[in-house]
Amino acid sequence: ANSIALAEKNMHFRIAIPLIGGGIFIQRLGVTPAQLAAEIIKAARASRSMIEVRFVAFAEADVQAFRDGWKIVEREDYRHMDGMEINQGSITEFKVHGATAIVNAANTEVRFGGDGVTGGGLAGAIGRATENFHGINAEAAEIIAGLRR
């Protein structure tokens, strides 16, 4: 919800949301990948207004989790999912989703991981793909500092 509000505030028209938690968080949450995907879909659907949402999964198993999650959401609430779709590929490739912003909910520090060259998981990969790793980190730090004042 916060990511969508920020995207709207910054005039993005389409965001990409990866399936997260497959290896790191899902065991702690005690849910299946499909249940996690359903929660991501529900939150995105409840929060968005005019923003299009692209759920992005790299592996076929994650694509299937989104498809299964989609079915769970439709069974619970059969409103249309206009403006939302599932795409397979790398979250860092614009041609996969066409989004002007990428949501990385796994990163609570609002920083790219790693050093700009290696490491850092999903956040690091996104940062390296921007070709402005350090500039974006600096801008994020400034925004966070402003929120704390």
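**A walk through the sheet, its helices and a pocket**

The bridge partner of I15 in strand β2 is V53, and this pairing is a convenient place to enter the structure. The model is a predicted one, in which local features need pLDDT of at least 70 and side-chain atom pairs count only at pLDDT 80 or more, whereas totals for chains, interfaces and linings use all residues. Residues are numbered from 1 along each chain as its sequence is written, and side-chain values use heavy atoms, with hydrogens and water left out. The names of the elements follow DSSP: helices are runs of H or I with at least four residues, strands are runs of E with at least two, and both are numbered from the N terminus.

I15 belongs to strand β1, which covers residues 14-18, and β1 pairs with β2 (residues 52-57) in the parallel sense over 5 bridges; two strands are said to pair if DSSP finds at least two bridges between them. Further along this pairing, I17 stands opposite F55 in β2. Strand β1 also pairs with β4 (residues 101-102), again in the parallel sense, over 2 bridges, and here A16 stands opposite I102. In general, the strands of a sheet pair through backbone hydrogen bonds, either parallel or antiparallel. Taken together, 4 strands form an open sheet with parallel pairing, in the order β3-β2-β1-β4. The edge strands of this sheet are β3 and β4, each of which pairs on one side only.

How many of the 5 residues of β1 are buried? The count is 5 of 5, so β1 is largely enclosed by the rest of the structure; buried means under 20% relative accessible area, exposed means over 50%, and partly exposed lies in between, with a 1.4 Å probe and protein chains only. The burial concerns both faces of the strand, with R14, A16 and P18 buried on one side and I15 and I17 buried on the other.

From the sheet, the path leads to the loop between β3 (84-88) and α5 (94-97), where S90 is placed. S90 is buried, with a relative accessible area of 16%, and its side chain makes a polar contact with the side chain of T92 at 2.7 Å. A polar contact is a pair of N or O atoms within 3.5 Å; within protein, one must be able to donate a hydrogen and the other to accept it, and residues adjacent in sequence count only if both atoms are side-chain atoms. Apart from its neighbours within four places in sequence, S90 is in contact (heavy atoms within 4.5 Å) with V56, F58, V96 and H97.

H97 lies in helix α5 and counts as buried at 6% relative accessibility. A polar atom of its side chain lies 2.8 Å from the backbone oxygen of I91, and the side chain of H97 also reaches the backbone oxygen of E93 at 3.4 Å. Leaving aside neighbours within four places in sequence, the contacts of H97 include R14, A16, R54, V56 and I102.

Another buried residue is A65, with a relative accessible area of 4%, which is placed in helix α4 (residues 60-76). A65 touches L19, P33, A34 and A37, not counting residues up to four places away in sequence, and its C-alpha atom is separated by 8.3 Å from that of L36, 29 residues apart along the chain.

Two loop residues show another side of the model. M11, in the loop between α1 and β1, has a phi near 60°, a positive value in a residue other than glycine, and is exposed at 72% relative accessible area. E131, in the loop between α6 and α7, has a positive phi of about 60° although it is not a glycine, and is exposed at 77%.

The last stop is the largest pocket. On a 1 Å grid over the protein atoms alone, a cavity is a set of points where a 1.4 Å probe fits but cannot get out, whereas a pocket is an open set with protein on both sides within 12 Å along at least five of seven lines, and lining residues have an atom within 4 Å of a point. The largest pocket holds about 1,400 Å³ of space, a volume being the space filled by probe spheres set on the points, which are joined across faces, edges and corners. Its lining has 35 residues, of which L6, A101, I102, V103 and V110 lie nearest its centre, and α7 gives the most to the lining, with 7 residues.
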